[in-house]
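Hi everyone, thanks for making time. I've got one structure to walk through today, so let me put it up on the screen.

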Amino acid sequence: MNIIMNFIEKVMNIKLRNNSFAFRQAILSILLLNGANAMVQAQDKNRGIDSVKIVLVEELYGQRETRLLPTSISTVNSEEIERNTVLSFGNALYGRLPGLFVQQASGELGSDYPALYVRGKHTFTGSNAPLVLVDGFPRDFNTLNVEEVESVSVLKDAAATALYGMDGANGIILVTTKRGVEGKTRVGFKAEFGLATPTRLPDFYGSYDYASFYNMAEKNDGKKVLTYSDEQLRGYKEQLDNMIYPDVNWIDEAVRQATPVQNYSIDIRGGNKVAKFYVNLGYSNSQGVFKEIGNKTYNANNKLDRFNFRSNIDINVTKDFSVAVDIAGRLENLNSPQNSSTEIWSNLYSFHPNVAPIYVAPGIWGGTNTYRTNPLAYINDAGYRHTHRRLLQTNIRLNYDLSSFVKGMSIGGSAAFDNFYSVDNGYTKTFGVQEILGYNTVEKQYILSSLYGKSSAMTAYGPSNEKETRFNSFEINLAYKGRFGNHGVNAKVIGHTDSSESYLSSNDLKNSPDRRVSLSGIISYDYQQKYILDIAGSYGGGENFMRGKRFGFFPSIAGAWIVSSEKFMKQNRIVDFLKLRASVGLVGNQNVGGTMFGYRDLYTGASGGWGAGTNNGGFGGGYQEAAIGNPDLTWEKSLKTDIGIDMTLWKHWNVMFNYYYEYRTDILNSASAMLPTFVGASMGYINYGRVGAEGFEAAISFARQYKDVGFHAGLNIARQKNKILRMNEAAKNYPYLYRQGYPINQRFGLVCEGFYSEDEIQNRTISQTFGNVIPGSLKYKDINGDLVINSDDYCAIGKDQDVPEWELGLNLEFNYKCFYINANLQACLGRDVNLRATAPYATSALCYDRNISTWIKQPWTSEAAANLELKNRIDFPSLTLENYSNNFQASTFFIKNGDFLRLRSLEVGCKLPEKWVRKVRLQSVNIYLRGMNLFTIDHLGYFDPEVLEGYPVMKSYNIGVNLAF
């Protein structure tokens, strides 16, 4: 208990005053926890933990039996979630929930939060991110660890998200944390150790190949005198002197092959009829991939230390009155190099292997006057950054059973108070490099240049980037649940308001608060638990829009028919359960993008900033009008239709199928294209765009246990596609140039038709306007037939890289006696990657003085083009130092198939027999080996298909133990 209180005091002392409501709430929660422990110890000491007999699923308004749901909801439970070793919770959800698309982020510690999409993309201006609710409150679930989560549900159709009407269009991810249960107190301990290693990293040629390719490029550019002489080429090839002829693989020198990770978790769970509690304490430590080279007085490598705690308390104060108090927090310390990850990896990929050795003398970095950013010094000798993050979340729920007045009725309320604080500090310094000019044979030492740059002492900075965010939420509800013979009624009315404010504490500035308010209600009716009808609606608004236009009504209706409950199905021996369901409703998205307070006129001043005035005037005093505001701006509206079927066959097969269609309107468009140029003013945004999206989800699973042998298999499939139905665009010269009619974020570029030969250049009738063309340059298709290749020849190329057309998840488990094996695979199909955009350093040889990667096997040469065998191997245009502009346009040459199959997790374990563990007074012991991202099958091979360049995706090998007392 002291650990929790000390943690809270650290968090609260940062920015919260001792007399704040949140502080008093935290102290109240601790007192309630102590009280709950005392009551549990006093009563029912020998009671066992009850198992749940009915499968329940969390909805926005409580729990309901899965079989009675008329809406589209997918759920994954704690057992599957905990089979992942991840730092960011979202990375535990790949392939586990049909309809939820998880996009891999960078593998960088503290920045590996994935992007989430429910049923793909639906808007081209606003946010496509779903609303995430943790225990009913909007929160970032990446602050959780996998051990504290009970279940994750994805609410997909309008009926499931109706109670959050204006925020429900992108779907809702509902996370429920673990709570106490009646029974003897159970203590669990988990320890995990492992090694993480990069999945794939681009590889670059050594000095001899680099120099040879460089000379080749100069020949292609018509140069007579080449940079690298035969003597230099021989020195690189034969490695005569690594100081005079350096050959450094900078990635190998900077990146280590394996980095340690460790995780620990303790949870305590128990309770009785009076009070139940759940407490979790967790610690994670992970180190980055960079080697520690050079200055040893400090460590610039990435390192993450994270502490989590959670306390969930449920108390029945009286027979009718109950209280639930939750506290959760996170303390995170992140160490990283002073230079950003993007700068470091760009430098690593660009620095040539023959520039200089790592050191030219003990303690002196190698480099030249032109190349001063020695990659290892850039990481290790430029200082370091320390980021400190603290989060405290508190909420309280009250519920009073009014059954003594009206049977089945209850009234409740809840409040949440969250605080997040982040600050950077650290040290910065500069370093110098020296160049080897030759070798003094008399003194037998290398001749060094003067110092390029300056080696400075460490200079402290901070606090910087200081941020604080406070979130408050309040809710009151009135609920009724009753049954009258064959008729069942479940109703709830909810009033909700929340606000979020961000403060920049370093300069005491405050961002504009974001406030929302809503009144929602739902009535669920069933007849004989066979025919189910849900009617729901929400009336709510926010501050994104002009007063008088901030509120909207969002209704929905859903129905289900449990066919298997009919008399004519009773004699059936195949179908054990069959439910048909359908829903339709209107929901909204108020995260529309564009400009904040877009309903006001915008002004720019001499400082380059902007301000908002009224529609009747501006600021004056040096400000000028920037964009005309639109007082009629409103939220996006989404009309969703969903039909589905749920079945259980032969008692062991479960089948689910959903089809959906969404019609989204009022998407923000820039209005400037609608005004003629003589108007002399720029327009802001209008609600003009429309998008249609459709798709389906299917899942099938089988589970069977034969005494000592058990098997489970589950396959889920999701397909999505979308199309822009209306979009305001500037006038184009040709119809195929418009984005309307294509999917959201459709790529446009040139169609590559091969490489120019020398004869084709001399006799060509089509001119290319993207730079000089030489033999071996890329040749593009003349789409409009005007004999000129320019931007009018752009057309739609490739598929979306973020969200695939198809996603498949396969979960397999086999057990025999105490041994088991579990695997989770994910596949993404119907996906293309643009190497020019996502792997620019490995695919842009010599462009902007970049390095040459081994992705390029055979560049075009006249000799290769004349040799049939070599011609078939040509995979890159002719190398050039001066004429690369034409080759690096957006084109189909760089569009590659991005489909992949990845083994996300594999666990092999042993649950020791109970008779063994009882001898050491334990309840259970589970020892396991777990691998994450162990292998990937794809069409690229060379790159990781999800993160092609930059801080790599990591695979890990872990050994762990779970103990229960």
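I'll go through the nonpolar cores, then a helix, then a sheet, and finish with a pocket. One thing up front: this is a predicted model.

Okay, the cores. The largest nonpolar core has 77 residues, and the ones that touch the most other members are Phe290, Trp345, Ile852, Phe876 and Phe943. As for who contributes, α5 (207–220), α6 (230–238), α7 (250–254), α8 (341–350), α9 (375–380) and β40 (778–780) each put in at least two residues. The largest share of this core comes from α5, with 5 residues.

Let's click on Phe876. Leaving out residues up to four places away in sequence, Phe876 touches Phe755, Thr843, Ala845, Trp855, Ile856, Gln858, Pro859, Trp860, Phe888 and Phe893. Apart from this largest core there's another one, made of 21 residues, and Val118, Val154, Ile173 and Val175 are among them.

Now for the helix. Is α8 mostly covered or mostly open? Mostly covered: 8 of its 10 residues are buried. Those are Ser341, Ile344, Trp345, Ser346, Asn347, Leu348, Tyr349 and Ser350. You'll recognise Trp345 from the list of core residues that touch the most other members. And what do the buried residues of α8 pack against? That would be α7, β14 (321–337) and α9.

Moving on to the sheet. Here we have an open sheet of 4 strands, in the order β15-β16-β19-β22, and the pairing is mixed. At the edges stand β15 (359–361) and β22 (452–453); each has a single partner strand, so one side of each is left without a neighbour in the sheet. For β22, there is antiparallel pairing with β19 (residues 432–434), over 2 bridges. If you zoom in there, Val433 sits opposite Tyr452 of β22.

Last stop, the second largest pocket. How much space lies in it? About 990 Å³. Its lining takes in 34 residues, and nearest the centre are Leu131, Val132, Pro138, Arg139 and Asp140. By class, that lining splits into 13 nonpolar, 11 polar and 10 charged residues. Plenty of strands take part: β6 (131–134), β17 (383–401), β18 (409–428), β23 (459–484), β24 (487–504) and β26 (514–527) each supply at least two lining residues.

That's my tour, so over to you for questions.

Definitions and conventions
Residues are numbered from 1 along each chain as its sequence is written. This is a predicted model: local features need pLDDT of at least 70, side-chain atom pairs count only at pLDDT 80 or more; totals for chains, interfaces and linings use all residues. Side-chain values use heavy atoms; hydrogens and water are left out. On a 1 Å grid over the protein atoms alone, a cavity is a set of points where a 1.4 Å probe fits but cannot get out, and a pocket is an open set with protein on both sides within 12 Å along at least five of seven lines; lining residues have an atom within 4 Å of a point. Grid points are joined across faces, edges and corners, and a volume is the space filled by probe spheres set on the points. Ala, Val, Leu, Ile, Met, Phe, Trp, Tyr, Cys and Pro count as nonpolar, Asp, Glu, Lys and Arg as charged, and the others, Gly among them, as polar. A nonpolar core is a set of buried Ala, Val, Leu, Ile, Met, Phe, Trp, Tyr and Cys residues joined through side-chain atoms within 4.5 Å. Buried means under 20% relative accessible area, exposed over 50%, partly exposed in between (1.4 Å probe, protein chains only). Contact means heavy atoms within 4.5 Å. Two strands pair if DSSP finds at least two bridges between them.
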